[in-house]
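Subject: The structure I promised you

Hi,

Here is the structure we talked about, so open it up and keep it beside you while you read. My notes on what turned up come right after it.

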Amino acid sequence: MRIKVDYVFINENLELIENACIDISSSSIINIESNCKDVGDIYFPSSIALPPLCNAHIHILDNALVEYGEDQKLSNLVSLPYGKKYELLKKLSKDTILKSIKEVLTEALNNGVLFLGALLEFGDEGVQYLRKIESLSPIIKIFPQPPPEQWNNVDAYIEILKKYKSIGMDTLLTLNWDELKLLDHVAREVNGVIKAHVSETLNLFNKRDFERLSLLTKVLLVHGTYITSDVYEQYIKVRNIPWILCLRSNYYHSRYVPDINLIQAHYKHNFPIAIGTDNSSWFTPSVLDEISFAYTIYRVMTNDRKLLAYLLLYASTIGCYKTLGIGYHGLEVGAPPIMLILQNPVFNYSHNITISLVKRGYSSEKILIAGEEIIPLPSTQMYKSKELRNILSKLSFLSFHKVN
Ligand SMILES: [Zn+2]
């Protein structure tokens, strides 16, 4: 099948080419040609093609608690061990939680998100929910977090890390220095990775939670809302730590977002940056929703708006794959035959197509190409697609064998 699009972002560096014809078989991308003269088998007018989207940080269990606790402080709602969230989740039936997890995963797929990094509350119990999902799902890298009653028990953390080679931490302050050192030792032994919320609130920053990053070999930093340039230089830059941004969440809870200059520096150093949507109780799992907000809020904080848009596209795709350890490098010859196509008449008038994608992608028509199948989103056609299922299992095999 030969498709034609107006724009496509190709290869690991997301190079933008125009009037492209892409030859696809059911097993791989065979050829990508810029400025092609023919219209292929199918032409998508006013279109941009890009690699499938990736959401590096999402809490999927709390989709069953939408808009809870609107009048309360974040720490009262989510902090271990007494956060309201845990109490409310315990009151829900397992069937309700499972149903709501399936729904948020469907919403992710319908928005072109094929890769997720999910923090799972309640340890093994959280993981069990995912084991029960038999229908099509995005590829999920799990980060189980110990149950609330074991929130400061280092043995529970070690057990999870050994079992799953990954762990999610509410905050690095939960364990003391020696316990964290021990956890890092285990992480190195099992080639595991620790995902941690860092300096999400001013209170945690003032408690200097970031200092503990120096103990950890493989860590993914979530938030960094209050990180300053001094802290960045001393604790983050020197360690090449992947940085996951959840800007809607930060702004929603504190009217504050991470320093754009540090994010741009991180990007220029070629360190991984990823987008996350955080709690599904408050935010949609759509990466396109997230980056539209991110562009709007960061625009006046930087003079280099083209760089900002490119950075956000990178963080939604290639940067997120690197952060989660996915062995997939975007749209290139030989790659699995999958891509997202966005269509919007205004793309015809755009003076900067990357900025238009980032700002308007969420409200554009979305189409998933899976091998030789063309799947409009949202649609139940997705669930019937054998090609999509095959490609996802192939991508799943490529994923999570190594984490940078
Ligand atoms: Zn989170």
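One term before we start: two residues are in contact if their C-beta atoms, placed from the backbone, lie within 7 Å. With that in hand, look at L312, which touches I291, A294, Y295 and V358 once residues up to four places away in sequence are left out. Please remember throughout that this is a predicted model.

L312 is a good place to begin. The largest nonpolar core has 119 residues, and F115, L221 and L312 are the ones that touch the most other members. At least three residues of this core come from each of domain 1 (2-51 + 330-398) and domain 2 (53-324).

**The two domains**

The domain assignment splits the protein chain into domain 1, made of 2-51 and 330-398, and domain 2, made of 53-324. Their C-alpha centres are 28 Å apart. Where they meet, domain 1 puts in 26 residues and domain 2 puts in 24 residues. On the domain 1 side, α14 (353-360), β15 (365-370), α15 (381-384) and α16 (386-398) each give at least two residues to the contact. Sorted by class, that side of domain 1 holds 17 nonpolar, five polar and four charged residues.

**Helix α11**

Three of the partners of L312, namely I291, A294 and Y295, are also among the buried residues of α11. The other buried residues in this helix are V287, L288, E290, S292 and Y298. How far apart should the ends of α11 be, with 12 residues at 1.5 Å a residue? The expected span for residues 287-298 is 16 Å, and the end C-alpha atoms are indeed 16 Å apart, so the two agree.

**Strands and sheets**

Next, find the open sheet of four strands, which runs in the order β7-β6-β5-β13 with parallel pairing. β7 and β13 (278-279) are at the edges with a single partner strand each, so one side of each has no neighbour in the sheet. Inside the sheet, β5 (residues 53-59) and β6 (residues 113-120) run parallel and are joined by five bridges. One pair you can look up is H59, whose bridge partner in β6 is L119.

For antiparallel pairing, go to β2 (residues 15-24) and β3 (residues 29-33), which are joined by four bridges. I24 has I29 as its bridge partner in β3, and a hairpin of four residues links β2 to β3.

Now back to β15, one of the elements on the domain 1 side of the contact. Is β15 mostly covered or mostly open? It is mostly covered, with five of its six residues buried. β15 pairs antiparallel with β14 (residues 338-343) over six bridges, and I338 stands opposite A370 there. β15 also pairs antiparallel with β16, over five bridges, with I367 opposite P376. The hairpin of β15 and β16 has two residues between the strands, and G371 in it takes a positive phi near 60 degrees.

**Some backbone details**

Which peptide bond leading into P81 should you check? The bond from L80 to P81 is cis, with omega near 0 degrees. P81 sits in the loop between α1 (74-78) and α2 (84-91). Another cis bond goes from L377 to P378, with omega near -5 degrees, and P378 is in the loop between β16 (373-377) and α15.

P148 ties in with the first of these spots, as its contacts beyond four places in sequence are L80, P81 and Y86. P148 lies in the loop between β7 (139-144) and α5 (154-164). It counts as buried because 20 other C-beta atoms lie within 10 Å.

Two asparagines have a positive phi too. N191, in the loop between α6 (177-190) and β9 (193-198), has phi near 55 degrees. N270, in the loop between α10 (260-268) and β12 (273-275), has phi near 70 degrees. Are these two buried or exposed? N191 is exposed because it has 12 other C-beta atoms within 10 Å, and N270 counts as exposed with 10 C-beta neighbours inside 10 Å.

Have fun looking around!

Definitions and conventions. Residues numbered from 1 in each chain as written. Predicted model: local features only at pLDDT ≥ 70, side-chain atom pairs only at ≥ 80, totals over all residues. Domains from an automatic or database assignment. Nonpolar A, V, L, I, M, F, W, Y, C, P; charged D, E, K, R; others polar. Expected span 1.5 Å × (residues − 1). Core = buried A, V, L, I, M, F, W, Y, C linked by C-beta atoms within 7 Å. Pairing = 2+ DSSP bridges.
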